[in-house]
Amino acid sequence: MAIAALTDTERNDALAMLPAWTLREDGLAIGRTLRFADFGEAFAFMTRVAIEAEKADHHPEWFNVYNRVEITLTTHDAGGLSQRDVTLARFIDAVARGADA
């Protein structure tokens, strides 16, 4: 089953509901940087996201140094953003409460 990329309208509507996320310059991905109190909190956050991502079979591109987690979401099979990215971004926003952007 092919994964459909979001249309420009769908992408813009999704971004309006995801104010903490920024659209990458090429329009094919969204990103967010989070800062936690310490490494333990950052790692706990990443673990929660990893479990959800595995269930959804949709995995973020991310980078972690100490308390900072940088996340990029894109759907390679769709050649850009898909509903999978929006769904995972919403989950990330829900579990990231308390982190600094």
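Here are three short exercises on a predicted model, each with a worked solution.

**Exercise 1.** Find out which strands pair with β2, and in which sense.

*Solution.*
- Start at β2 itself, which covers residues 30-35.
- Look at β1, residues 22-23: this strand pairs with β2 in the antiparallel sense, over 2 bridges. To see one of the contacts, pick T22, whose bridge partner in β2 is G31.
- Now go to β4, residues 68-73. Here 6 bridges link β4 to β2, and again the two strands run antiparallel. Try L34 this time: its bridge partner in β4 is V69.
- So far we have β2 paired antiparallel with β1 and also with β4.

**Exercise 2.** Work out how many residues lie between β1 and β2 in their hairpin, and which turn residue has a positive phi.

*Solution.*
- Follow the chain from one strand to the other: 6 residues sit between β1 and β2 in this hairpin.
- Check the backbone angles in the turn, and you'll come across G27, with a positive phi of about 75°.

**Exercise 3.** Describe the largest cavity: how much space does it hold, and what lines it?

*Solution.*
- Count first: with a cut-off of 30 Å³ or more, the structure has 1 cavity.
- Next, the volume: the largest cavity holds about 40 Å³ of space.
- Then list the lining: L6, R11, A14, L15, L18, I30, L81, D85 and V86.
- Sort these residues by character, and you get 7 nonpolar, 2 charged and no polar ones.
- Finally, ask where they come from. Helices α1 (8-16) and α3 (83-95) each bring at least two lining residues, and α1 gives the most, with 3.

Notes: Residues are numbered from 1 along each chain as its sequence is written. This is a predicted model: local features need pLDDT of at least 70, side-chain atom pairs count only at pLDDT 80 or more; totals for chains, interfaces and linings use all residues. Side-chain values use heavy atoms; hydrogens and water are left out. Two strands pair if DSSP finds at least two bridges between them. Helices (H or I, at least four residues) and strands (E, at least two) are DSSP runs, numbered from the N terminus. On a 1 Å grid over the protein atoms alone, a cavity is a set of points where a 1.4 Å probe fits but cannot get out, and a pocket is an open set with protein on both sides within 12 Å along at least five of seven lines; lining residues have an atom within 4 Å of a point. Grid points are joined across faces, edges and corners, and a volume is the space filled by probe spheres set on the points. Ala, Val, Leu, Ile, Met, Phe, Trp, Tyr, Cys and Pro count as nonpolar, Asp, Glu, Lys and Arg as charged, and the others, Gly among them, as polar.
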